Structures are given as structure tokens and as C-alpha cells.
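Biologist: Let's go through this model together. Keep the answers short, please.

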Amino acid sequence: MTDIPDADLVARIARGDRAAMQALYARHATAVYRFLVRLLRDAAGAEDLVSDVFFDVWQQAGRYEGRASVTTWMLSIARFKALSALRRRPHAALDPETAEAVPDEADTPEAVLQKAGKSEALRRCIAALSAEHRMVVDLVYYHDLSVEEVAQVLAIPAGTVKTRLFHARKRLSEHLLAAGIDRGWP
């Protein structure tokens, strides 16, 4: 089933084909997991949600209309699941005295570069972006989605995606410069 297009697999899943579901899972589970880990910042929670996403794919395969790629459709499901999970997380507030007592163990930009190299510094700079900017960068650069596909996943206009991507690149450039990495790095 490796040569069958995703849309055909979804059509087969809609008819109850378990082998098609296994093939779609094998093809996309890692990408869905990575997307969820980046959103949740919790590997165990992401693993749980991957199962939920593919369970929804199994249940909703008959409703897939083909207006977006299967990957985009699944990442949309994953995004909604992740947002729901994030809303359910308890948020404990620290009182000011406790917050001041916590030692600042953050490394300087030079120490970060010495310890982990440029790729780790890039990951840290991406993590410093806002959630909206991080999500757009993740979908465009790590999942190779087009602006239109990102717009469908996030349920926002393509122009908003372009704007967020512009500002994300700008902020990322600022963070990288502050970390001592010039734009000319490989």
C-alpha cells in the first residue's frame, strides 16, 4: 500500500479497510507526533493525542471532502486536539516571593552556543517565539506545508499566515542575532 495516494487510503478507511488505516498511520504518525510535541511540549501527552487523532481519522474518513491534502486535514485534527488539551491543563500561579526565590539558571547566549552548537541555538530561538509564530514556522519549515495549507490547518486567512511568517522570521532573526549567530551561518 506504499504507492497508494493518501486520499485513496482515506476512501478505503471510510469503507472500513483496516490495512489502509495501518498504511496511513505508518506514513503519517511520526509527523503528527512531532507536530503535537511542538505544540504541547509534552512527549507523553503528544503520544496520547496521536492515538486520538488517528481514531478521529478512522471515524471521520467518510466526511473527508478532499478540499485539503490528507496531511493538512490530519494536522488540523491534531491542532484542535492539542488546543483542547492545553485548555485542560491546570495553571498554577506562583506568588511573587516564590518566583523571586527561584534561581535563574539560564545560560548566556555564548554558553548556549558552546554547549550545543548552532542547531540547538536555533531551536531555543524558535522556542522563544510566540505560539502563533512558532506554529507557522513549524508547519512551513518542518512539515513543508504551503501557505494555503497552513491557512487551512490553522483556520485563518492565507494573508494572516504570510504576516505571521514575516514577523516570525523577523523575531527569529533578532533572537539569533542576540544569540551571536549572524544571518550568514550555514
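Biologist: Is Arg38 buried, exposed or partly exposed?
Modeller: Bear in mind that this is a predicted model. Buried would need under 20% relative accessible area, and exposed over 50%. Arg38 has a relative accessible area of 33%, so Arg38 is partly exposed.

Biologist: Which residue does the side chain of Arg38 meet in a salt bridge?
Modeller: Side chains of opposite charge can pair when their charged atoms come close. Here the N to O distance is 2.8 Å. Arg38 lies in helix H2 and its partner in helix H7, so the pair ties together parts that are 100 residues apart in sequence. The partner counts as buried, at 4% relative accessibility. The residue is Asp138.

Biologist: Which residue forms a salt bridge with Asp56?
Modeller: The closest N and O atoms are 2.9 Å apart. The pair links distant parts of the chain, helix H3 and helix H4, 25 residues apart. Asp56 counts as buried at 13% relative accessibility, while its partner is partly exposed at 22%. That partner is Lys81.

Biologist: And which residue pairs with Glu65 in a salt bridge?
Modeller: Glu65 is exposed, with a relative accessible area of 57%. Its partner is exposed too, at 69%. The closest N and O atoms are 2.9 Å apart. The partner is Arg67.

Biologist: On which residue is the kink in H2 centred?
Modeller: H2 runs over residues 18–40, and its end C-alpha atoms are only 29 Å apart. A straight helix would reach 33 Å. The kink is about 50°. The residue at its centre is among the buried residues of H2; the kink is centred on His28.

Biologist: Which helices are included in what covers the buried residues of H2?
Modeller: The buried residues of H2 include Met21, Leu24, Val32, Phe35 and Leu39. Their cover includes helices H1, H3, H4 and H7.

Biologist: What separation do the C-alpha atoms of Leu172 and Leu129 have?
Modeller: Leu172 lies in helix H9 and is buried, at 14% relative accessible area. Leaving aside its neighbours within four places in sequence, Leu172 is in contact with Leu122, Cys125, Ile126 and Leu129. Leu129 is 43 residues from Leu172 along the chain. Their C-alpha atoms are separated by 7.1 Å.

Biologist: Now the whole protein. How many helices does the secondary structure come to?
Modeller: There are zero strands. Read along the sequence, the pattern is α-α-α-α-α-α-α-α-α. The count is nine helices.

How values were computed: Residues numbered from 1 in each chain as written. Predicted model: local features only at pLDDT ≥ 70, side-chain atom pairs only at ≥ 80, totals over all residues. Heavy atoms only, no water. Helix = DSSP H or I, 4+ residues; strand = E, 2+ residues; numbered from the N terminus. Expected span 1.5 Å × (residues − 1). Bend = angle between axes of the 7 residues up to and from the residue. Buried < 20%, exposed > 50% of the residue type's maximum accessible area, 1.4 Å probe, protein only. Contact = heavy atoms within 4.5 Å. Salt bridge = Lys/Arg side-chain N within 4 Å of Asp/Glu carboxyl O.
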